[in-house]
Amino acid sequence: RQFADSKIEFPRTGSNAPFVPLAYMGATSYGSADVDGRDGGSLEYDVTTVSQYATLPLLLGERDALIIGDYLSWSDFSVKGEERNSFDVTSVGLPVGWLRQIDPAWQAAAFVMPMGHYDNSAGGSWTWQYMGGVFARYVQHERLWWAFGFYADIAPGDNFYIPYLGASWVINEYWTLTAVMPWPALLYAPTRDWLVRLGASPSGSSWSFQPGSGEAAINLDAWDFGLGVERRLAGNIWLSAEAGVGGFRGLSLSG
């Protein structure tokens, strides 16, 4: 109600698709992946991840909002190969974001998320990486908006910087075409209680490890391609099931 009474504008077209989730809990399993090493060796690994995140938006005035949250995950790596043992990684993230409504057509936003990883294969040490970005959203008309920005990921031994461009088009109340990276998809919502999603999303299953120093980092350059079905259980609570293929995955072991 406070946000509705503020000057902050969210998409209010006649689409049946639900709003972006403010919290979720889920589990993901990736089947065997074959990795070829630079030394000519190879290994095979499975990954099972249980993760949770939640965000709390706080109104700071008529045009500004603060978003704080948490991210928790546990990933179990079942590695097969010569002299390789299975291990798991616990990750904790603390996202903080800011949103400002500049005028009815423009919004500005920024976020940072320090993220820690505990790798039990390296003697129990924590490694930190930092994600962040600045963005702007322009509403061309009530069914089409554009997003621009810059994203950075600073991790042990591997920093990642990329400009950002995205868009979302509500074709009608049933169909939405979204090119908002990193979740490009075609959405079909026949009613307000069902959603079918065909598209891509970052899988977070590309990792790098330095077992000698205990450094671990997750890389968001791995992708999932597939189909998801969501069903409203009650109120704003949804259940989702997805299946597909994970691509561009990698596992880097150095040291």
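Met113 sits in strand E6, which covers residues 106-119, and it makes a good place to begin a walk through this predicted model. With a relative accessibility of 13%, Met113 counts as buried, because buried means under 20%. If you look past its neighbours within four places in sequence, you will find Met113 in contact with Gly93, Leu94, Pro95, Gln129, Tyr130 and Met131. You can also look across to Tyr71, which is 42 residues away from Met113 along the chain; the C-alpha atoms of these two residues are separated by 9.4 Å.

Now let us follow the strand itself. E6 pairs with strand E7 (residues 125-141) in the antiparallel sense, over 14 bridges. To find one of these meeting points, look for Phe111, whose bridge partner in E7 is Gly133. Phe111 in E6 also stands opposite Gly97. That brings us to strand E5, made of residues 96-101, which pairs with E6 in the antiparallel sense over 6 bridges. The chain gets from E5 to E6 by a hairpin of 4 residues.

Strand E4 is another partner of E6: residues 87-93 form E4, and the two strands pair in the antiparallel sense over 5 bridges. Two residue pairs help you trace this pairing. Ser91 has His117 in E6 as its bridge partner, while Val89 is matched in E6 with Asp119. E4 is mostly covered, with 5 of its 7 residues buried. E4 also pairs in the antiparallel sense with strand E3 (residues 64-80), this time over 7 bridges. Here, Phe77 stands opposite Phe87 in E4.

From here, turn to strand E2, which runs over residues 42-59 and holds Thr49. Thr49 has a relative accessible area of 14%, so this residue is buried. Its side chain is joined to that of Ser75 by a polar contact of 3.1 Å. Setting aside residues up to four places away in sequence, Thr49 touches Gly26, Ala27, Thr28, Ser73, Trp74 and Ser75.

The aromatic rings offer another way to explore. A search of the whole structure finds 12 aromatic pairs. One of them brings together Phe135 and Tyr164: the ring centres are 5.2 Å apart and the planes meet at 80 degrees, so this pair is edge-to-face. Phe135 belongs to strand E7 and Tyr164 to strand E9 (residues 158-170), so the pair ties together parts that are 29 residues apart in sequence. The two residues are covered to unlike degrees: Phe135 is partly exposed at 22% relative accessibility, whereas Tyr164, at 18%, is buried.

Phe150 and Tyr161 form a stacked aromatic pair, with 6.5 Å from centre to centre and 15 degrees between the planes. Since Phe150 lies in strand E8 (residues 144-155) and Tyr161 in strand E9, this pair ties together parts that are 11 residues apart in sequence. Phe150 counts as partly exposed, at 39% relative accessibility, and Tyr161 is partly exposed too, with a relative accessible area of 48%.

Two further spots are worth a look. Ring pairs link Phe3, Phe10 and Phe19 into a cluster. Elsewhere, the ring of Trp145 has the charged end of Arg137 sitting over it, 5.0 Å from the ring centre.

How values were computed
Residues numbered from 1 in each chain as written. Predicted model: local features only at pLDDT ≥ 70, side-chain atom pairs only at ≥ 80, totals over all residues. Heavy atoms only, no water. Buried < 20%, exposed > 50% of the residue type's maximum accessible area, 1.4 Å probe, protein only. Contact = heavy atoms within 4.5 Å. Pairing = 2+ DSSP bridges. Polar contact = N/O pair within 3.5 Å; in protein donor to acceptor, adjacent residues only side chain to side chain. Phe/Tyr/Trp six-rings, centres within 6.5 Å; stacked < 30°, edge-to-face > 60°. Lys NZ or Arg CZ within 6 Å of the ring centre and 35° of its normal.
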